[in-house]
Amino acid sequence: MYSFLSRHLSALTLASVALLAGCMHMSAPSNLDYSRTRSSEHGLYRAAIKPDGDSIPQGKLQKWTLHLDAASGNPVSAARVSVDGGMPQHGHGLPTKPRVTRELGNGDYLVEGMKFNMGGWWVVKFHVTSSAGADSLVFNLNL
Amino acid sequence: MRFAITAATLAAAIATTFGASFGASLRSAHRGGWTDAERAMLKSLSLASLEPLAPDPSNRFSDDTTAARLGERLFFDTRLSSNGKVSCASCHMPDKDFQDGRPLGVGVGTAGRRTMPVAGTAHSPWQFWDGRADSQWGQALGPLESPAEHGGDRVQYAHVIASEYRGAYEAVFGPLPDLRGLPERAGPVPDSARANAWSRIAPVRQEQISRMYANVGKAIAAYERTLEFTPAKFDRFVDAELTGRQHAAESAFSDDERAGLKLFIGKANCATCHNGALFTDNHFHNTGVPQATAGAQNDSGRAVGARSVVASEFNCLSRYSDAKPEQCDELRFAVTEGPELVRAFKTPSLRNVAARAPYMHSGQIASLGAVLAHYNAAAPAPAGKSELKPLHLSATELRQLEAFLRTLSSPITTSATR
């Protein structure tokens, strides 16, 4: 978790880090992409997260659906998916340990145990391994 | 605190103080001096935003009024202790916000931590400072068999139920098991004589007694669920402020209170963890609280509590729970290891905080002002890593924060004995 967060933090600009160090009233970097459909870091997957509703509630357990397509556009089956994340500006991880509990078919995976206990900028990372290879997806959330 | 600052002055202030990233929030400053984001935050902290209490699936008697009436009697019954002098109410005193004002709870002996208040805890997935119980009923069973608190055991309590509460118990939970031939005192407790006596009881009878014991917890929980906060001055302030009504005497904030609230939801970062209508994120944080003084053992907090709740005989997934496994998601998806758990303790509600000195999990800090000084300084943690960073608040700002915190006081109400 720490290594993931530090890697993520290293992607921030120096100016942002200076801002964080100097001021605890933290706003998220202004250039974050909050879209719920993203390509993986090395382009092996295209993924979409579908939370229960339009807005992601604070402090409540949620079930998400993660949809995975390969670069070819075909849904990915039999993927192994791990879930990670946290608040880069706070240096802590997720308050729960969510995991994929079921493959729903057609590239959909049920993710249970999602929870965000405070407002602000969160990242959720999925590490995906399938016959297409191993790659990671990072989603930004603003609660 | 109504601002009469031009847009240009604001922009200059933003640029010099914080950098451009705060522009968006400050540009929208308007009615009452609150930004849209601040107004949303005020609303979320108001008691009016508290969602109705959901049933506890692990306790099918949780909303049973007969169970609550039984639970209330049990809560105040000193016969549920080894020396006949300690009840739940000995530490959870109704006239003190259901806590005791002591650094450490005192029952048969002295407990290892500060007594926590009860009101509103039915809304939390975790109980105790370290979350080693995942329900109110599971929580209630811990102190009853703790040598330092009630000091008794489940067979002793089964006899008390059978002799003093048979009718009331059976009306809720059905027939009592046959207790004939059982020793007076026995249970899986540290005391070796009673533990040995417990080990000599047949497993089928042990389970009957443990189920009875769980039901005692479920009745107490049914009572505790009825203990709720009433609106405080803060809630009346928010109600009037957000609807644009003229403040009445009972809702008007002083300049200090208003400035303190602004700090609380702003640069003091309090509302990061103390969020929602109960001012808690129901999670666990290392905030660098010093060791309790004089011979206190190192307290690892959630690092131990997480393992304890998973292993608990009375958790949501246990045989004594009424929940289906899929209704125990807090437990199923709990973080059970990692450096963040070391010396992390549950965020307490701040409702009634001003009337609840001393503070922290072992009463280490004597006054509200000293608590604020602790957060302002953000000293390193004695173990694990503190999540705090220094706040650099002035003495005036600390005074304003304290003034705001004093607006969160209100009486506790119960519907159990109406």
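Student: Where is B:Arg180 placed in chain B?
Tutor: This is a predicted model. In it, B:Arg180 sits in the loop between helix H8 (166–173) and helix H9 (192–199) of chain B.

Student: Is B:Arg180 buried or exposed, and why?
Tutor: B:Arg180 counts as exposed because it has 6 C-beta neighbours inside 10 Å. The cut-off for exposed is 12 or fewer.

Student: And how far apart are B:Arg180 and B:Arg166?
Tutor: In sequence they are 14 residues apart. In space the C-alpha to C-alpha distance is 15 Å.

Student: Zooming out, how many helices and strands are in chain B?
Tutor: Chain B has 17 helices and four strands.

Student: What radius of gyration does chain B have, and what would a compact globule have?
Tutor: Chain B has 24 Å. A compact globule with 418 residues would be near 22 Å, so the value for chain B agrees with that.

Student: What does the C-alpha trace of chain B span along its principal axes?
Tutor: About 85 × 45 × 40 Å.

Student: What share of chain B is buried?
Tutor: Of its 418 residues, 46% count as buried. As for contacts in chain B with a separation of 6 or more, 72% are between residues 24 or more positions apart.

Student: Switching to chain A. What pattern does it follow along the sequence?
Tutor: The pattern reads α-α-β-β-β-β-β-β-β-β-β. That is two helices and nine strands.

Student: What are the burial and contact figures for chain A?
Tutor: Buried residues are 34% of the 143 in chain A. Among its contacts between residues at least 6 apart in sequence, 59% join residues at least 24 apart.

Student: Which strands form the open sheet in chain A, and in what order?
Tutor: Five strands form it, in the order S1-S2-S3-S7-S6, with antiparallel pairing. The edges are strand S1 (37–39) and strand S6 (99–105) of chain A, each pairing on one side only. Neighbouring strands of this sheet are turned by 25° against each other on average, direction ignored.

Student: What holds paired strands together in general?
Tutor: Strands of a sheet pair through backbone hydrogen bonds, in either a parallel or an antiparallel way.

Student: Start with the S1 edge. How many bridges are there between S1(A) and S2 of chain A?
Tutor: Three, in the antiparallel sense, with S2 covering residues 45–50. A:Thr37 stands opposite A:Ala48 in S2(A).

Student: And at the other edge, how many bridges pair S6(A) with S7 of chain A?
Tutor: Five bridges, again antiparallel. Strand S7 covers residues 108–114. A:Glu103 has A:Tyr109 in S7(A) as its bridge partner.

Student: How many residues lie between S6(A) and S7(A) in that hairpin?
Tutor: Two residues lie between the strands. One residue in the turn, A:Asn106, has a positive phi of about 55°.

Student: Last topic, the contact between the chains. How many residues does each chain put in?
Tutor: Chain B gives 25 residues and chain A gives 21.

Student: Which helices of chain B supply at least two residues each to its side?
Tutor: Helix H13 (270–273) and helix H15 (329–332) of chain B do. H15(B) provides the largest share of that side, three residues.

Student: What classes of residue are on the side of chain B that touches chain A?
Tutor: That side has seven nonpolar, ten polar and eight charged residues.

Definitions and conventions
Residues numbered from 1 in each chain as written. Chains lettered and ligands numbered in written order. Predicted model: local features only at pLDDT ≥ 70, side-chain atom pairs only at ≥ 80, totals over all residues. Pairing = 2+ DSSP bridges. Axes fitted to C-alpha atoms, helices over the stretch in contact; angles between N-to-C directions. Buried ≥ 20, exposed ≤ 12 C-beta atoms within 10 Å, placed from the backbone. Contact = placed C-beta atoms within 7 Å. Nonpolar A, V, L, I, M, F, W, Y, C, P; charged D, E, K, R; others polar. Rg over C-alpha atoms; globule rule 2.2 N^0.38 Å.
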